[in-house]
Amino acid sequence: MQENVELQALNTFGLSARARYFCVVDTLAALQGALRFAHEKQLPVFILGGGSNILLRDNVPGLVLHMLIKGIAKLSEAEGSVRVQVSCGENWHAFVTYCLAQGWHGLENLALIPGSVGAAPIQNIGAYGVEAGELIESVTALNTVTGTIETIAAADCAFAYRDSVFKRQYRGSRIILSVVFLLHRSTKVNVSYASLAQALAGTPAPQPADVFAAVVAIRRSRLPDPALLGNAGSFFKNPVIGISEYASLQQRHADLPGHESSDSDVRQVKVPAAWLIERAGWKGRRLGQAGVYEKQSLVLINHGAARAEEIVALAQAISRDVEQQFGILLEPEVQWVPGTKHGDFAMYLPQEL
Ligand code: EPU
């Protein structure tokens with residue numbers, strides 16, 4: 001257990017904030033011990049994975065648990081599919097790379113996403129036509145209310161666009177320990193996403209390794225490397241609007257892109273927030289040390305010494321302009337830490353654990 005630990009190197013935005021208490025968790029026993037400590041001291045607990053989707057607004061008053069439980073195991077193989085269990089503290093991209101090398105396919109579209117495996121189900125990470133939830137069989141988590149370990153089937157995870165049960169009913173009461181993925185041996189690939197299809201247009205019969213390479217190349221060319229320029233990927237979600245609202249916006253903005261969303265029975269359209277932000281004039285702009293990435297306007301960046309307030313001020317200015325011009329309210333994708341109404345992930349432990 002450490003005290004007053006600087007978290008700057010542990011969040012990809014590179015923001016400076018301290019954790020009152022901090023503990024590296026590399027075993028289940030270490031997790032249980034740390035939770036007992038938090039319980040005795042009545043500390044809120046914050047679970048930190050790769051720190052790639054958080055905005056550290058301030059010092060974290062309770063106990064930060066840095067999840068580094070490791071391990072990848074093939075559970076079974078049958079009829080061309082492979083079940084693979086991976087612990088929460090594995091690095092996501094390293095896991096995707098490992099699976100490809102084993103000939104376990106399906107995750108290649110999700111290459112190079114920063115962060116840890118344990119965070120993947122929480123916000124159902126997705127890119128280039130695939131969402132992690134589509135390949136998850138189950139999630140194993142510690143229930144901090146009962147102290148028991150539960151296996152939650154994918155069907156009960158309520159996976160949706162950047163959303164799951166872990167952000168809703170299970171928020172604050174489940175700590176993800178491992179995830180079972182159902183991958184396949186076939187070399188069938190998903191190239192439904194337009195920019196991916198374009199990148200592979202010159203490759204006849206693309207293989208999973210080609211998709212992996214193309215995704216890595218697209219991401220490297222469009223998204224900033226957090227090691228060089230602090231950022232947390234897409235800052236906002238792509239808004240999903242009603243089909244009639246989309247049609248009326250298109251009357252004023254004929255080139256407004258949109259894709260029908262498959263998450264709901266009601267006809268809805270997902271609109272690229274990047275386009276709205278660019279049209280609102282924010283692409284490449286800067287407010288103090290905070291800025292909008294010049295090659296992808298959905299990514300807010302830390303030009304070096306940004307304070308959280310500068311990022312928040314920039315996000316608010318963008319949201320205000322987009323709302324004024326398009327009547328669309330942008331919702332942040334990154335999680336505010338410590339929480340606000342945008343999403344409080346701290347856990348308050350029950351009396352008995
Ligand atoms: N666009 C612009 N201006 C820009 C960039 C994009 O107008 O500066 C428009 C273009 O019309 C483009 C469209 O936005 O066709 C979509 O752009 P892109 O393919 O880059 O994807 P995105 O919608 O901006 C989403 C995810 C990304 C994911 C990519 C690829 C969200 C919030 N973001 O971005 O995920 O990598 O698709 O699938 O859904 C993340 O979640 O952190 C993330 C990076």
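## A walk from the tail end to the ligand

Start by selecting proline 338, in the segment after strand S20 (335–337). This is a predicted model, so treat each stop as a feature of that prediction. Colour valine 337 as well: the peptide bond joining valine 337 and proline 338 is cis, with omega at about -10°. Most peptide bonds are trans.

**Two backbone stops**

Next, jump to alanine 158, in the loop between strand S11 (149–153) and strand S12 (174–184). Its phi is positive, about 50°, although alanine 158 is not a glycine. Most residues other than glycine have a negative phi. With a relative accessibility of 46%, alanine 158 counts as partly exposed.

Now go to tyrosine 128, which you'll find in the loop between S8 and strand S9 (130–131). Tyrosine 128 also has a positive phi, near 50°, and is not a glycine either. Is this residue buried or exposed? Tyrosine 128 is buried, at 10% relative accessibility; the cut-off for buried is under 20%.

**Into the ligand shell**

Keep tyrosine 128 on screen and show the ligand. Tyr128 is among the residues that come nearest to the ligand, together with Tyr161, Tyr193, Glu278 and Gln296, out of 22 residues around it. Draw a distance from tyrosine 161: an N or O atom in its side chain sits 2.7 Å from an oxygen atom of the ligand. Do likewise for tyrosine 193, where a side-chain N or O atom is also 2.7 Å from a ligand oxygen. Then add arginine 219, which places a polar side-chain atom 3.4 Å from an oxygen atom of the ligand.

How much of the ligand does the protein bury? On its own the ligand exposes 820 Å², and the protein buries 80% of that. Three elements give two or more residues to the shell: strand S8 (126–127), strand S13 (230–234) and H6. H6 makes the largest contribution, three residues. If you colour the shell by residue class, expect ten nonpolar, six polar and six charged residues. Colour by domain instead, and you'll see at least three shell residues from each of domain 2 (72–221) and domain 3 (236–331).

**Following the charges**

Stay with H6 for a moment and select arginine 279 plus aspartate 255. They form a salt bridge, the closest N and O atoms being 2.3 Å apart. Arginine 279 belongs to helix H6 (residues 273–279), while aspartate 255 is in the loop between helix H5 (243–252) and strand S15 (259–260), so this pair ties together parts that are 24 residues apart in sequence. Arginine 279 is partly exposed at 42% relative accessibility, and aspartate 255 is partly exposed at 42% too.

Now pick glutamate 137 and arginine 83, whose side chains meet in a salt bridge at 3.0 Å, N to O. Here strand S10 (residues 136–143) carries glutamate 137 and strand S7 (residues 81–87) carries arginine 83, so the pair links parts 54 residues apart in sequence. Glutamate 137 is partly exposed at 27% relative accessibility, as is arginine 83, with a relative accessible area of 27%.

For a local pair, select glutamate 309 and arginine 307: they form a salt bridge with closest N and O atoms 2.7 Å apart. Glutamate 309 is partly exposed at 47%, and arginine 307 is partly exposed at 46%.

Last selection: Lys74, Glu77 and Arg185, which are linked in a network of salt bridges. To carry on from here, there are 13 salt bridges to look through in the whole structure.

Methods: Residues are numbered from 1 along each chain as its sequence is written. This is a predicted model: local features need pLDDT of at least 70, side-chain atom pairs count only at pLDDT 80 or more; totals for chains, interfaces and linings use all residues. Side-chain values use heavy atoms; hydrogens and water are left out. A salt bridge is a side-chain nitrogen of Lys or Arg within 4 Å of a carboxyl oxygen of Asp or Glu. Helices (H or I, at least four residues) and strands (E, at least two) are DSSP runs, numbered from the N terminus. Buried means under 20% relative accessible area, exposed over 50%, partly exposed in between (1.4 Å probe, protein chains only). A residue is near a molecule or strand if one of its heavy atoms lies within 4 Å of it. A polar contact is a pair of N or O atoms within 3.5 Å; within protein, one must be able to donate a hydrogen and the other to accept it, and residues adjacent in sequence count only if both atoms are side-chain atoms. Accessible areas come from the Shrake-Rupley method with a 1.4 Å probe; for residues, only the protein chains shown count as cover. Ala, Val, Leu, Ile, Met, Phe, Trp, Tyr, Cys and Pro count as nonpolar, Asp, Glu, Lys and Arg as charged, and the others, Gly among them, as polar. Domain bounds come from an automatic or database domain assignment.
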